[in-house]
Amino acid sequence: MKLLRWITIVLALLIFYQSFTSVGADLIEDTCNKTSNFKFCVSFLRSKPGSATADVQGLAQIVADQIQINLKDTFSEASKLYKEATERVIKECFQICSEVYAVAIDYMNGVLINLKSKNYSNTRDGLSVVYGDADTCEESFHEEPVRPSPLTKNNNDVKNLALIGSEIVLILG
């Protein structure tokens with residue numbers, strides 16, 4: 001009799017767990033379906049702890065937190081490369097990147113505050129500035145004389161996250 005009770009409890013827990021985690025997965029897919037980069041969105045969110053149980057606000061917060069991390073990392077990298085650069089043109093590119101990423105970090109602090117206070121319009125505006133700053137950094141390497149950018153992946157990651165973040169925030173209101 002005890003064995004039957006244990007089996008019943010374990011099966012009930014498994015069914016509850018399965019339905020609980022599939023709801024999170026469905027929300028990620030439903031949310032990412034409303035973005036312009038479904039594959040990136042799903043891949044990113046599924047890789048983050050807490051995303052399977054997050055609501056849409058929580059998913060937006062996960063994206064915003066990662067953007068802030070990426071901004072700080074890219075700012076540090078651009079500043080380091082600026083100090084190491086010897087060629088004038090490359091040094092100017094890294095200076096531009098350092099400056100725009102410093103601005104982006106400040107804007108992102110506002111984005112995080114606005115997101116928590118559910119001021120979604122200002123959140124989207126801030127994410128748009130962050131996107132533009134990453135784009136400005138990347139474009140600085142494409143001006144004559146063109147040089148390869150060692151920050152392309154960083155810039156693209158920030159732009160992709162800012163874009164899906166803005167689109168997720170749009171769902172919220």
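At 27% relative accessibility, Asp 135 counts as partly exposed, a class that lies between buried (under 20% relative accessible area) and exposed (over 50%), computed with a 1.4 Å probe on protein chains only. The model is predicted, so local features need pLDDT of at least 70 and side-chain atom pairs count only at pLDDT 80 or more, while totals for chains, interfaces and linings use all residues. Residues are numbered from 1 along each chain as its sequence is written, and side-chain values use heavy atoms, with hydrogens and water left out.

**Salt bridges**

Asp 135 takes part in a salt bridge with Lys 159, in which the closest N and O atoms are 3.1 Å apart; the term stands for a side-chain nitrogen of Lys or Arg within 4 Å of a carboxyl oxygen of Asp or Glu. Because Asp 135 lies in helix H5 and Lys 159 in helix H6, the pair ties together parts that are 24 residues apart in sequence. Helices here are DSSP runs (H or I, at least four residues), numbered from the N terminus. Unlike the partly exposed Asp 135, Lys 159 is buried, with a relative accessible area of 12%.

The structure holds 6 salt bridges, among them the three in the table.

| Salt bridge | Closest N to O | Relative accessibility |
|---|---|---|
| Glu 87 and Arg 147 | 2.2 Å | Glu 87 33%, Arg 147 22% |
| Arg 88 and Glu 92 | 2.7 Å | Arg 88 57%, Glu 92 36% |
| Asp 135 and Lys 159 | 3.1 Å | Asp 135 27%, Lys 159 12% |

The side chains of Glu 87 and Arg 147 meet at 2.2 Å, N to O. Glu 87 belongs to the loop between H3 and H4 and Arg 147 to the loop between H5 and H6, so this salt bridge ties together parts that are 60 residues apart in sequence. Glu 87 is partly exposed, and Arg 147 also counts as partly exposed.

The salt bridge of Arg 88 with Glu 92 lies within one helix: the two residues are 4 residues apart in helix H4 and are thus separated by about one helical turn. Arg 88 counts as exposed, whereas Glu 92 counts as partly exposed.

**Cysteines**

With a disulfide taken as a pair of cysteine sulfur atoms within 2.5 Å, the count comes to 2 disulfides. When the bonded cysteines are counted along the chain, these disulfides follow the pattern 1-2, 3-4.

One of them is formed by Cys 32 and Cys 41, with their sulfur atoms 2.0 Å apart. The torsion about this S-S bond is about -70°, so the disulfide of Cys 32 and Cys 41 is left-handed. Cys 32 is buried at a relative accessible area of 0%, and Cys 41 is buried with a value of 0%.

A disulfide also joins Cys 97 to Cys 137, with an S to S distance of 2.0 Å. The link of Cys 97 and Cys 137 is right-handed, with 95° about the S-S bond. This pair connects distant parts of the chain, with Cys 97 in helix H4 (residues 88–116) and Cys 137 in helix H5 (residues 120–140), 40 residues apart. Both Cys 97 and Cys 137 are buried.

Why does the sulfur of Cys 93 form no bond with the closest cysteine sulfur, in Cys 97? The two sulfur atoms are 6.8 Å apart, which is too far for a bond. Cys 93 is itself buried, with a relative accessible area of 5%.

**Nonpolar core and contacts**

A nonpolar core is a set of buried Ala, Val, Leu, Ile, Met, Phe, Trp, Tyr and Cys residues joined through side-chain atoms within 4.5 Å. The largest such core has 43 residues, and those with the most contacts inside it are Leu 45, Val 63, Ile 67, Leu 71, Met 108 and Val 130. At least two residues of this core come from each of helix H1 (2–32), helix H2 (38–46), helix H3 (56–84), H4, H5 and helix H6 (152–172). H4 supplies the largest share of this core, 12 residues.

Contact is taken as heavy atoms within 4.5 Å. Apart from its neighbours within four places in sequence, Ile 67 is in contact with Met 108, Leu 127, Val 130, Leu 161 and Ala 162.

Thr 31 has its place in helix H1 and is buried, with a relative accessible area of 3%. When residues up to four places away in sequence are not counted, Thr 31 touches Val 56, Leu 59, Ile 168 and Ile 171.
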